[in-house]
Each structure stands twice: as structure tokens, then as C-alpha cells.
Amino acid sequence: MRRNISDKKKRSPQPNLKHMEHVEIPFLLKTIPSSNGCTRCEGTGYVRVDVPYGDPTFGKAIPCHCTKAERDKKRLQSLRGISRLEALGNKNFQNFFPRIPGMPKVYLTAEQFAQDPDGWLVLLGGHGCGKTHLAAAIANARLARGSQVLFMTVSDLLDHLRATFAPTSTMLYDQLFSRLQEAELLVLDDLGTEQSSPWAGGKLFQLLDYRYTYRLPTIITADQQVLQTVDERIRSRLMDKSVVTQVTFDGILDYRLYLPPKNSV
Ligand SMILES: [Zn+2]
């Protein structure tokens, strides 16, 4: 490619770079059929752009238009991969079993939130109380209406953020973080059980603080006992009644004990 550029310079007067903000060099030079038929990048998938010195893309190769469909597909796969909803796709309101003392109120609040998510919904309760099922039911209901939903445990979330720094990662840290910030509905399961380092704790706070400030629909599930160990700054946001609807699974022992036997339906 470099040889071509210098050949071009020899053959014709130097173009005025100030007026060439975003010109793809291979496209300007010649049209050569390539392996994928793209004459812009000659099949390499990348083009260099002619920009003035000082431009952030100066001297850099950027993805060619011909790779957009493939990149979009990968991004979607990547989102699906981290959403965790595939594993919880069978959890809905219909197969949730609300006929347990104390459950109907919790159930109704969750159903209302699924109709019109506003602010935060915090589901508090012990192990096996059904809070993950209800959170997944809301997430699946919103997904069915076309909302962009991300559902993950807090530990997985932090793992994914760390993994974006790996050389083999297909997603950049900034991309993932902004998707978490901007998701139409973000569900964070099991707050407080994550292995926290100062880095992880800082990232989690940054994410939650953003969603809190802009009142973005967010569901958080947590064990009440474990919640006491969570960062004070996060806990105070979970208590703010102007943003948060807090629901406690009071007196509900293990909702799975109340589920009808598998073959009884
Ligand atoms: Zn191309």
C-alpha cells in the first residue's frame, strides 16, 4: 500500500490534505478485484485515511465499509453472549408460582415494573426466594417488546469488564462499559457476592452511579445479609426512595419448595 501511495505522489501533484478529511486511499488509487470483491480495501478489511497530521486517525488503518455487516453480527453475538438471558429464557410470569404467603405483593410490583420500567427495582431476599426468577421474568417481558436488555450477575459483569483487556477480546472495554451504562434495562443479579478489588469496586460504583443519576431502568437482586457488606455509596443509592422501589421477600422461605411437581401440570 505504501508503494502505491508514493507512486501516486510521483505521478500527480500532491493533493491538498486540508480538504481531504476522510478519503480512503485504496479507493482513490485504483480498483483491484479482491478476495471478497471489495475494491476499496482490496480484501484486507482495512483502509488508511488521508487526514491532516494531528488527526486521531492519522497514519492508522480503519475498518472498511465492507466489513460492517460482519462486525455488526459479531457485536450482536457478543451482546447475546454476555446477556445471560439465553440460560434464563424459560423464566416468565406464567411459570412463576406466586401462591405463597407474602408473594402476591412482590409479584404484582414486578409485573408493574415489567409494564413500565421506571427507575430502579431492588429485590431483596434470601437464597431460593425466587428473586432471580422474577428479575428474569421482567427482563424476558421487556426483551419480547424489543427493549435492549442486559442481564448478568455482578461477578460475571466484572469478569467481562476485566476480560476486555485480554489481547484476544472482540469487544473494547469502553464499548462494553457504555453498553452497560446505556442499556434500556440492566439487571444485576446477586449484588454483594462478587470478589471485589478496588478496581472492580470502582467500576461497579461508576456504572451504578451513572444509571442512578439518569434514573435508568435497573433491577438489582441481593441477599439482605450480604447487602450489609456492599460499598456504602452503593447502599445509600439503593435506599433512595425517589428512584428505587424496594421489595423484600419477607417470610418467604424457599419458593422452590412450593413449585408443583414436574409432571403434575
Ligand atoms: Zn473493503
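Two residues are in contact if their C-beta atoms, placed from the backbone, lie within 7 Å. The exercises below use this cut-off on a predicted model.

**Exercise 1. The core**

Task: State which residues Val-187 touches, leaving out residues up to four places away in sequence, and place Val-187 in the nonpolar core.

Solution:
- Step 1. Applying the cut-off to Val-187 gives Ala-135, Ala-139, Leu-150, Phe-151 and Ile-219.
- Step 2. The largest nonpolar core holds 46 residues, and Val-187 and Ile-138 are those with the most contacts inside it. Helix H5 supplies the largest share of this core, 7 residues.
- Step 3. For the protein as a whole, take the contacts between residues at least 6 apart in sequence: 74% of them join residues at least 24 apart.

**Exercise 2. The sheet**

Task: Find the order of the 5 strands in the open sheet, and explain why E5 and E8 each have one side without a neighbour in the sheet.

Solution:
- Step 1. The order is E5-E6-E7-E4-E8, with parallel pairing.
- Step 2. Strand E5 (149-153) and strand E8 (244-248) are at the edges and have a single partner strand each, so one side of each lacks a neighbour in the sheet. From one strand to the next, the twist averages 10°.
- Step 3. E4 is joined to E8 by 5 bridges, with Val-247 of E8 as the bridge partner of Leu-123. E4 also pairs with E7 over 5 bridges, in the parallel sense; here Leu-121 has Ile-219 of E7 as its bridge partner.
- Step 4. Strand E6 (residues 185-191) pairs with E7 over 4 bridges, again parallel, and Leu-191 is matched with Ala-222 in E7. The chain passes from E6 through helix H8 (residues 198-213) to E7 in a right-handed β-α-β crossover.

**Exercise 3. Strand E7**

Task: Determine how many residues of strand E7 (residues 218-222) are buried and which way they point.

Solution:
- Step 1. The count is 5 of 5 residues buried, so by the cut-off each has 20 or more other C-beta atoms within 10 Å of its own.
- Step 2. In a regular strand the side chains alternate between the two faces of the sheet.
- Step 3. In E7, Thr-218, Ile-220 and Ala-222 point one way, while Ile-219 and Thr-221 point the other way; all are buried.

**Exercise 4. A loop residue**

Task: Decide whether Cys-129 is buried or exposed.

Solution:
- Step 1. Cys-129 sits in the loop between strand E4 (120-124) and helix H5 (131-144).
- Step 2. Cys-129 counts as buried because it has 26 C-beta neighbours inside 10 Å.
- Step 3. Asp-223 is 94 residues from Cys-129 in sequence, yet their C-alpha atoms are 9.8 Å apart.

Methods
Residues are numbered from 1 along each chain as its sequence is written. This is a predicted model: local features need pLDDT of at least 70, side-chain atom pairs count only at pLDDT 80 or more; totals for chains, interfaces and linings use all residues. Helices (H or I, at least four residues) and strands (E, at least two) are DSSP runs, numbered from the N terminus. A residue is buried if 20 or more other C-beta atoms lie within 10 Å of its own, exposed if 12 or fewer, and partly exposed in between; C-beta atoms are placed from the backbone. Two strands pair if DSSP finds at least two bridges between them. Axes are lines fitted to C-alpha atoms, for helices over the stretch in contact, and angles run from 0 to 180 degrees between N-to-C directions. A nonpolar core is a set of buried Ala, Val, Leu, Ile, Met, Phe, Trp, Tyr and Cys residues joined through C-beta atoms within 7 Å. A crossover is right-handed if, with the strands pointing away from the viewer, the path from the first strand over the helix to the second runs clockwise.
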